[in-house]
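Me: Hey, I've got a new structure open and I've never looked at it before. Can you walk me through it?

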Amino acid sequence: MSSLPNALTMTRIALVPLFVAAFFLPGEAGRWLVFVLFCLAGATDALDGMIARKLGAETSFGRMLDPIADKLIVSAALLMLAADRTLQGIHLVPALVILCREILVSGLREFLAEAAVSLPVTRIAKAKTTVQVLAIGALIASSATERMLPGVTIGALIGLWVAAGLTFYTGYAYLQAGLAHARGAQHARAKPASAVKPAAQRPGQRPA
């Protein structure tokens, strides 16, 4: 059972090519399949974390792979929604903000991991993830549900803008944390050299 969370994470990664391929299926049936695969990926994300915590089966491999799997499915969804013009014009901006933030945070995590410093997930970051997933899921299903639920597309786009705002805020907070650590590390390296004071020289003693 200890390997189950990692297996679920690997399953989520394996769903990505199927998820992308489903976007090319014609008609509403294809879009519903995309939606189901996206929901399945979200379900495995919730399950692997819950099982890992309940069984005490959290591993370094899982901690490394889990955010990668999340970023792959979200990035693939945004790129495909842009490709099929569900996202176009000004509404490409929040997608770009989200993608840039994911790249930024990935780089920061890699930099800080070398110094054994972690970036904790805040409540705002969790709220961002929830709004982002709901908005993307609604956008995926929008072409199939707009006739049944008029306005769902507009609501999903508003949700994506809200997610982008939260994304920008959390990304900036993480960047500040990374820069603060970088400045602290640089100061720590420079301090020993500047802190060394020459020993007092006794009368008649030659300098060393």
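Reply: Sure, let's start with the overall layout and then go into the packing and some single residues.

Me: Before that, what kind of model is this, and how are residues numbered?

Reply: It's a predicted model, where local features need pLDDT of at least 70 and side-chain atom pairs count only at pLDDT 80 or more, while totals for chains, interfaces and linings use all residues. Residues are numbered from 1 along each chain as its sequence is written, and side-chain values use heavy atoms, with hydrogens and water left out.

Me: OK, how many helices and strands are there?

Reply: The chain has 6 helices and 0 strands. From the N terminus on, the order is α-α-α-α-α-α. Helices here are DSSP runs of H or I with at least four residues, strands are E runs of at least two, and the numbering goes from the N terminus.

Me: And how much of the chain is buried?

Reply: Buried residues are 33% of the 208 in the chain. Buried means under 20% relative accessible area, exposed means over 50%, and partly exposed is in between, using a 1.4 Å probe and protein chains only.

Me: What share of the contacts comes from residues 24 or more positions apart?

Reply: Of the contacts with a separation of 6 or more, 79% are between residues that far apart. A contact means heavy atoms within 4.5 Å.

Me: Let's do helix packing. How do α1 and α2 sit against each other?

Reply: Helix α1 covers residues 4-22 and helix α2 covers 27-55; their axes come within 9 Å and cross at roughly 165°. That makes the two helices roughly antiparallel. For the cut-offs, under 35 degrees is roughly parallel, over 145 roughly antiparallel, 65 to 115 roughly perpendicular, and the rest oblique. The axes are lines fitted to C-alpha atoms, for helices over the stretch in contact, with angles from 0 to 180 degrees between N-to-C directions.

Me: Which hand is the crossing of α1 and α2, left or right?

Reply: α1 passes α2 in a left-handed crossing. Left-handed means the near helix is turned anticlockwise from the far one by less than a right angle, and right-handed means clockwise. By class, this contact of α1 with α2 has 16 nonpolar, 3 polar and 3 charged residues. Ala, Val, Leu, Ile, Met, Phe, Trp, Tyr, Cys and Pro count as nonpolar, Asp, Glu, Lys and Arg as charged, and the others, Gly among them, as polar.

Me: What about α1 and α3?

Reply: Those two pack at an angle of about 20°, with their axes 9 Å apart, so α1 and α3 are roughly parallel. α1 passes α3 in a left-handed crossing. On the α1 side the residues include R12, V16 and F19, and on the α3 side they include D66, A69 and D70. The contact of α1 with α3 divides into 13 nonpolar, 3 polar and 3 charged residues.

Me: R12 caught my eye. Is R12 buried or exposed?

Reply: R12, in helix α1, is buried at 1% relative accessibility. Leaving out residues up to four places away in sequence, R12 touches A41, T44, D45, D48, D66, A69 and D70.

Me: Switching topic, which residues have the most contacts inside the largest nonpolar core?

Reply: F19, L78, L87, I136, I140 and L160 do, in a core of 27 residues. The elements giving two or more residues to this core are α1, α2, α3 (60-83), α4 (92-113), α5 (123-145) and α6 (152-195). The largest share, 7 residues, comes from α3. A nonpolar core is a set of buried Ala, Val, Leu, Ile, Met, Phe, Trp, Tyr and Cys residues joined through side-chain atoms within 4.5 Å.

Me: Which residues does I136 touch?

Reply: Not counting residues up to four places away in sequence, I136 touches F38, V74, A77, L78, L81 and L160.

Me: And where is Q132?

Reply: Q132 is in helix α5 and is buried, with a relative accessible area of 2%. Beyond its neighbours within four places in sequence, Q132 is in contact with V74, I98, E102, A163 and T167.

Me: Last one, where's R85?

Reply: R85 is in the loop between α3 and α4. R85 is exposed, at 55% relative accessible area, and its phi is near 65°, a positive value in a residue other than glycine.
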